[in-house]
Amino acid sequence: MDKGVKLYGTWYSPYAKRVELALKLKGIDYEYVEEDLQNKSQALLVYNPVYKKVPVLVHHGRPLVESAIILEYVDETWTEGPRILPADPYKRAQVRFWSQFVDQQLMVPAIGVLKASGEARAAMICEFHDKLKVLEEGIKDLFLAGHSLVNGETMGFLDVVMCSAFGAQKIQEEVIGEVVIDPEKYPVISSWLVAISEQPVAKALAPPREKVVHLLRSIMAAGI
Ligand SMILES: N[C@@H](CCC(=O)N[C@@H](CS)C(=O)NCC(=O)O)C(=O)O
């Protein structure tokens, strides 16, 4: 039966994952279509002719692209579920800012640590630590009082973005054999990641460990 909501994603895409997390948090029933990015479907190319990327959310036949835009659309459209963005405009702006920071500043060196070797890898690790320090300082006052998630009881926009980007950080550190997000250096980020990993939606949508390990090893082997 047509549920009216269809998500085109790829299991390892952090951008698709955040849309799935948002849909689950909101309790929205949806159909999931797994895309093979080496052999994109005609539907994906038609729905996202500009970037040809996942995720694409199709709502009653109308496509939406770009994960941050989709998350906002989901929050504004299904108002009966828990809010993903804070009601307060200032807090909302801060959440958007730090989500963009995670996407634009943190994810590149994080993947670089995995792919690069030698001096290039050392430089990536340095850059990653510089960005982690900025994030640690920037978010420490953002958490709703008494809560270990930025959004409070349940995950919101920034928690979802962090979960999709760094939900597999522990597995990644096991694969590279090195602790990068050290709880002693980054207590706020570390306890945040633990709180995120304990959320039922995060657990339900986490890909099988073996699949993640295999993917990370192949990224490492391919290098840059
Ligand atoms: N800015 C986009 C990024 C989406 C993106 O990079 N998707 C990747 C998968 S992780 C993709 O579809 N890549 C296919 C390609 O580049 O051809 C978003 O937030 O949705």
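A residue is regarded as buried when its relative accessible area falls under 20%, and as partly exposed when the value lies between that limit and 50%. In this predicted model, Trp78 has a relative accessible area of 12% and is therefore classed as buried. Tyr12, with a relative accessible area of 36%, is partly exposed because this value lies between the two limits.

Both residues take part in aromatic pairing. Across the whole structure, 7 aromatic pairs were found. One of these joins Trp11 and Tyr12 in an edge-to-face arrangement, with a centre-to-centre distance of 5.5 Å and an angle of 90° between the planes. Another edge-to-face pair is formed by Tyr73 and the buried Trp78; here the centres are 6.3 Å apart and the planes are at 80°. In addition, Phe97, Trp98 and Phe101 make up one aromatic cluster.

The ring of Trp11 is also engaged by a charged group. The charged end of Lys211 sits over this ring, at 4.6 Å from its centre. Trp11 thus has Tyr12 as an aromatic partner and the charged end of Lys211 over its ring.

A further set of contacts involves Arg121, which is located in helix α5, spanning residues 118-139. A polar atom of the Arg121 side chain lies 3.1 Å from the backbone oxygen of Val113. When residues up to four places away in sequence are not counted, Arg121 touches Val113, Ala116, Ile176 and Glu178. Val113 accordingly appears both in this list of contacts and as the residue whose backbone oxygen lies 3.1 Å from a polar side-chain atom of Arg121.

How values were computed:
Residues are numbered from 1 along each chain as its sequence is written. This is a predicted model: local features need pLDDT of at least 70, side-chain atom pairs count only at pLDDT 80 or more; totals for chains, interfaces and linings use all residues. Side-chain values use heavy atoms; hydrogens and water are left out. Rings of Phe, Tyr and Trp (its six-membered ring) pair if their centres lie within 6.5 Å; planes under 30 degrees apart count as stacked, over 60 as edge-to-face and the rest as tilted. Buried means under 20% relative accessible area, exposed over 50%, partly exposed in between (1.4 Å probe, protein chains only). A charge sits over a ring if NZ of Lys or CZ of Arg is within 6 Å of the ring centre and within 35 degrees of the ring normal. Helices (H or I, at least four residues) and strands (E, at least two) are DSSP runs, numbered from the N terminus. A polar contact is a pair of N or O atoms within 3.5 Å; within protein, one must be able to donate a hydrogen and the other to accept it, and residues adjacent in sequence count only if both atoms are side-chain atoms. Contact means heavy atoms within 4.5 Å.
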